[in-house]
Structure formats: C-alpha cells, structure tokens
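Here is a short set of questions and answers for a first look at one structure. The sequence and the model come first.

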Amino acid sequence: MKKIEAIIKPFKLDEVREALSELGVSGLTVTEVKGFGRQKGHTELYRGAEYVVDFLPKIKVEVVITAEMLDTVVDAIVKAAHTGKIGDGKIFITPVEQVIRIRTGETGAEAI
C-alpha cells in the first residue's frame, strides 16, 4: 500500500477529487495548509501599503491506495492539478505498512 500526499492549488481541489472518484478511490483527507516553494511568496497591496505574503494557501490531499493503483492515481492527480504555472504543487509517495479500520477491525487492503 502507498500513501500519496499531494499539495495543490486550492481551486484545483474539485477537479482532483472528481478524477480520484472516477478511478474508484473511495476516501481521501483534505487539509488547508500554507507554504511556499520556488515561488517564495509574493507582494500584495492593502490600503496603499505593500506587504509580503510569505506563505501561500494550498490544499493537501492525502489518499492511501494499493500499490497497483499508484501510477494511475498519480497520473490522474497530475492531470487534474496541472495549470502549467509556478506553484502547481508537489506529490509525495510513501509506503504504508498497515491499515486498520477501527469500526470493523479489518486490516490491509480491505480497510482502505
């Protein structure tokens, strides 16, 4: 099993969710996060005063899938989240040793 963490632009969340749903991904976790990469933030104007926004709003989507689905799910996220502009985000993939569904006690792939 694999855990995918995708950091994406907030307005791309619905497209990513729909792409994952079409692949049969049944559950995901979404967190509002802030951060920066190569963008290094940007400057904005508020009431005539310029200020620097260091951390930009992003969305972190987490999903645990079987290893067989990995390439398909990653491709779907990349296609759905892509704008071609700086700050599109990143995808992190980590191995998952065990999954346990608390309600039923199911383990492994059945618990996903």
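Two strands count as paired if DSSP finds at least two bridges between them. The model discussed here is predicted.

Q: Which residue in β5 stands opposite Thr-31?
A: The strand β2 is joined to β5, residues 56-65, by seven bridges, and the two run antiparallel. Opposite Thr-31, in β5, stands Lys-60.

Q: In what order do the four strands form the open sheet?
A: The pairing in this sheet is antiparallel. β2 (29-35) and β6 (89-95) are the edge strands, each pairing on one side only. From one strand to the next the twist averages 20 degrees. The order is β2-β5-β1-β6.

Q: What angle does the direction of α1 make with that of β5?
A: Helix α1 packs on the sheet, where it touches β1, β2 and β5. Its direction and that of β5 make an angle of about 10 degrees.

Q: Which strands does helix α2 touch?
A: Helix α2 covers residues 70-81 and packs on the sheet. The direction of α2 makes about 5 degrees with that of β1. The strands that α2 touches are β1, β5 and β6.

Q: Is Lys-12 buried or exposed?
A: Lys-12 lies in the loop between β1 (2-8) and α1 (13-22). Leaving aside residues up to four places away in sequence, Lys-12 touches Ala-80, Ala-81, His-82 and Thr-83. The cut-off for buried is under 20% relative accessible area. Lys-12 has a relative accessible area of 9%, so Lys-12 is buried.

Conventions:
Residues numbered from 1 in each chain as written. Predicted model: local features only at pLDDT ≥ 70, side-chain atom pairs only at ≥ 80, totals over all residues. Heavy atoms only, no water. Buried < 20%, exposed > 50% of the residue type's maximum accessible area, 1.4 Å probe, protein only. Contact = heavy atoms within 4.5 Å. Axes fitted to C-alpha atoms, helices over the stretch in contact; angles between N-to-C directions.
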